[in-house]
Amino acid sequence: MTMRLWKIFGGLKLPGFKSMSMTQQTEAAPLPKILTLPLKQHIGHAAETIVNVGDKVLKGQMIAAAKDYVSTPIHASSSGTVIAIEEYAVPHPSGKMTECIVIETDGKDKWIECVKNANFRQLDASALRNLIRDAGIVGLGGAGFPSFIKLNPGPGNMVNTLILNGAECEPYITCDAMLMQEQSRKIIDGLNIMRHALQVERCIIAVEDNKRSAYTMLVNALQEHEAEYIDIVLIPTLYPAGGEKQLIKTLTGKEVPSNGLPINIGIVCHNVATAAAVASAVLEGKPLINRYVTVTGEGVEHPRNLDVLIGTPFSELIELCGKNRKAEQFIMGGPMMGFEISDINIPVIKTTNCILVQSKKTEPDFVMPCIRCGQCASVCPAQLLPQQLYWYARAKNFDKTQDYNLFDCIECGCCTYVCPSHIPLVQYYRFAKTEIWAQEQEKKSSDIARQRHEFRQFRMERKKAENEARKKQKKELLKKVSGTKDNADDAKKAAIEAAMARVKAKREKQSITPANTDNLTEKQKKEIAEVEARRRNAKEEN
Ligand code: SF4
Ligand code: SF4
C-alpha cells in the first residue's frame with residue numbers, strides 16, 4: 001500500500017549480494033551427531049540447567065530454565081542423550097567460552113508432546129506472554145532480547161503501533177527475505193498473536209523495496225487473513241533502514257528519544273522471524289529450536305538458506321554449502337555489523353542469522369590518522385559525531401564518550417565504511433561500551449558489598465543496643481525489688497510459718513489413730529477402749 005514515508009539521516013547505498021543465496025528453496029540442514037546448546041543465547045541472565053549428564057531428552061524438551069525475569073529457557077533441538085555440561089566456545093565477538101549442554105542425538109528426532117493453542121484469542125495477554133517466554137523466544141533479528149518482555153508494555157505505557165521488521169538491510173543476509181517468501185502465512189499468524197497480546201490497533205510490516213517476492217507473498221497471505229488493520233509497506237533500500245530507530249522514523253516520522261525505547265513513543269517493533277517463531281510456539285506448541293540461516297560468500301560453492309537446528313556446528317553448514325579454497329575468513333552476521341569468528345566448530349545459536357564465508361580479509365592492514373574530513377558524521381544514521389567518539393574512546397575518556405551519546409550508536413559501521421583513513425571506528429565504540437558496562441558492573445558489585453557491610457554494622461549495633469536495654473531493664477527491676485525487700489522478708493516469713501503450721505497439723509492428725517467406731521457394738525467399743533488404754537500406758541512407760 002502507499003503510505004507516507006519519512007527520510008532518515010545518513011545511511012549508505014551498499015551492494016547487496018543478496019541474490020547469490022536466494023537461488024534455491026530453503027531446506028532443512030541434516031540432523032547433526034552433536035548439538036551444543038549454550039545456556040546464554042540472549043540478552044539477560046543465562047538459563048539454568050535442569051538436566052544431568054546421562055539424561056535422555058526429547059526434541060523440544062526444556063533442558064535449561066529461565067533464571068530471572070530477563071532470561072529465557074533453552075530446549076533440546078532433537079532427541080538424544082546429554083553427554084556433557086561444560087564450557088565451550090560460542091558465537092561472541094570476544095571468542096569467549098560459556099557453559100553449554102551437549103546432546104548426542106539418537107537419530108530418531110522424537111518430539112515431546114506439544115500443546116497447541118489454535119484459538120489463541122481465548123487467551124489473555126499474560127497467558128500468551130507466558131507461552132512465548134516458555135518457548136524460549138528471543139528477538140531473531142540479531143539482538144536476542146526476550147520477546148515476551150517486549151510484549152509487556154508495563155503500566156502507564158500505551159502501545160498504538162506494532163511494527164514487523166522485514167527490512168533486512170545488511171548485505172549478503174537473506175534469511176528473513178526467504179522466510180517472508182516461504183512462510184508468509186506464519187508471519188501474519190504471529191503478528192496477529194502479538195497484536196492480541198498488546199491489544200494494539202495498527203500493525204505495519206516493513207519490507208525493503210529490493211524484496212519484491214517477499215512483499216508479494218505477504219500481501220497474498222494477508223488477503224487470506226482479511227486483516228485490514230495490517231499495512232504491508234515497501235521502504236527504500238538503504239543501509240541501515242532496518243535499524244529499529246531508523247525504521248520507526250521511516251514509517252512514522254517519530255524519533256525514539258536518546259537513551260529511550262520505542263515503547264516511550266507508543267511503538268513496539270519485532271522481527272518477522274520472531275513473529276513466525278511466536279506462531280509456532282502458540283499455534284503448534286513448538287519451542288524455538290530451529291531457525292533460517294544464510295550461508296553465503298565467496299568461500300562457499302552453493303550459497304543458500306538452511307533451516308537449522310539450534311546447536312548445529314557452523315562447520316557442518318559450511319561443508320554442506322561446499323567450502324572452497326577461498327574460505328579464509330568467517331563472519332557471524334553480515335559484513336557491516338557481524339563479527340569474525342576463529343573457531344568454526346561453534347554452534348548456531350538463536351541469533352545466528354548468517355554465516356559469511358569470505359575469500360580474503362576485508363579489513364585494511366594500514367590505518368592513518370584522522371584527517372577530520374567529517375565523512376563519518378555525514379553518514380551516521382544516529383546523527384552522532386563519530387570522530388569525537390573515536391578520540392574520546394581512544395583516550396579512554398569514557399565520561400566524554402557518554403556526553404557524545406555513545407549508547408545511541410547502533411554499531412552500523414557506516415562511519416568505518418566511509419573513513420578514508422581506514423580507522424576501525426566501530427571497534428573503538430564497542431571497546432568503550434564494554435569498558436563502561438564493566439565499570440558499572442564493578443561499581444554495582446562494590447555498592448552491593450558496601451551495602452552488605454553497612455547492614456552488618458547496623459545489625460551489630462542494633463544487637464548491642466538491645467543487650468544494653470535488656471541489662472538496664474534487669475537492673476531497674478532488681479532495684480525495684482530491693483526497695484520492697486523488708487516487706488518481702490515479712491511476707492516470706494509469714495508464708496514459711498503458715499506452711500510449718502500446716503505440716504504440724506497434718507502430722508497431729510496422722511498421729512491420731514483412726515477411730516473407725518461407727519456402728520460398733522458395746523462390746524467392740526469396750527475392747528477398743530481397753531486397747532487404747534494399753535497403748536497409752538505403754539507410751540508413758542517408754
Ligand atoms: S571519516 Fe575518518 S578521517 Fe574522516 S573525520 Fe571521520 S574518523 Fe576522521
Ligand atoms: S557505527 Fe555508530 S557512530 Fe558509526 S555511523 Fe553507525 S551509529 Fe554512527
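**Exercise 1. In which loop is asparagine 157 found?**

Some ground rules before the solution. This is a predicted model, in which local features need pLDDT of at least 70 and side-chain atom pairs count only at pLDDT 80 or more, while totals for chains, interfaces and linings use all residues. Residues are numbered from 1 along each chain as its sequence is written, chains are lettered from A and ligands numbered from 1 in the order in which they are written, and side-chain values use heavy atoms, with hydrogens and water left out.

*Solution.*
- Step 1: Look between α2 (147-150) and β9 (161-166); that loop holds asparagine 157. Helices (H or I, at least four residues) and strands (E, at least two) are DSSP runs, numbered from the N terminus.
- Step 2: Check the cover. Asparagine 157 is partly exposed because its relative accessibility is 31%. The scale goes: buried is under 20% relative accessible area, exposed is over 50%, and partly exposed is in between (1.4 Å probe, protein chains only).
- Step 3: Take a distance. From the C-alpha of asparagine 157 to that of alanine 118 is 29 Å, with the two residues 39 apart along the chain.

**Exercise 2. Work out the strand order and the edges of the six-strand sheet.**

*Solution.*
- Step 1: Read the order, β1-β14-β13-β17-β15-β16, in an open sheet with mixed pairing. Two strands pair if DSSP finds at least two bridges between them.
- Step 2: Find the ends. β1 and β16 (339-341) are the edge strands, each pairing on one side only.
- Step 3: Zoom in on one pair. Three bridges link β13 (residues 290-296) to β17 (residues 354-358) in the parallel sense, and valine 295 has isoleucine 355 of β17 as its bridge partner.

**Exercise 3. Do the same for the three-strand sheet.**

*Solution.*
- Step 1: The order here is β3-β5-β6, again an open sheet, with antiparallel pairing.
- Step 2: β3 (48-49) and β6 (74-75) each have a single partner strand, so one side of each has no neighbour in the sheet.
- Step 3: β3 meets β5 (residues 62-65) over two bridges, in the antiparallel sense. Opposite glutamate 48 you'll find alanine 65 in β5.

**Exercise 4. Track down the backbone oddities at residues 17, 411 and 240.**

*Solution.*
- Step 1: Phenylalanine 17 isn't a glycine, yet its phi is positive, near 50 degrees. This residue sits in the segment before β1 (27-28) and counts as partly exposed because its relative accessibility is 38%.
- Step 2: Glutamate 411, also not a glycine, has a positive phi of about 55 degrees. Its loop runs between α11 (398-403) and α12 (414-418), and glutamate 411 is buried because its relative accessible area is 18%.
- Step 3: Now check omega. It is near 0 degrees for the peptide bond from tyrosine 239 to proline 240, which makes that bond cis. Proline 240 belongs to the loop between β11 (230-235) and α6 (244-252).

**Exercise 5. How many residues of helix α3 are buried?**

*Solution.*
- Step 1: Count along α3 (residues 175-182): six of its eight residues are buried, so the helix is mostly covered.
- Step 2: Name them: Cys175, Asp176, Ala177, Met178, Leu179 and Met180.
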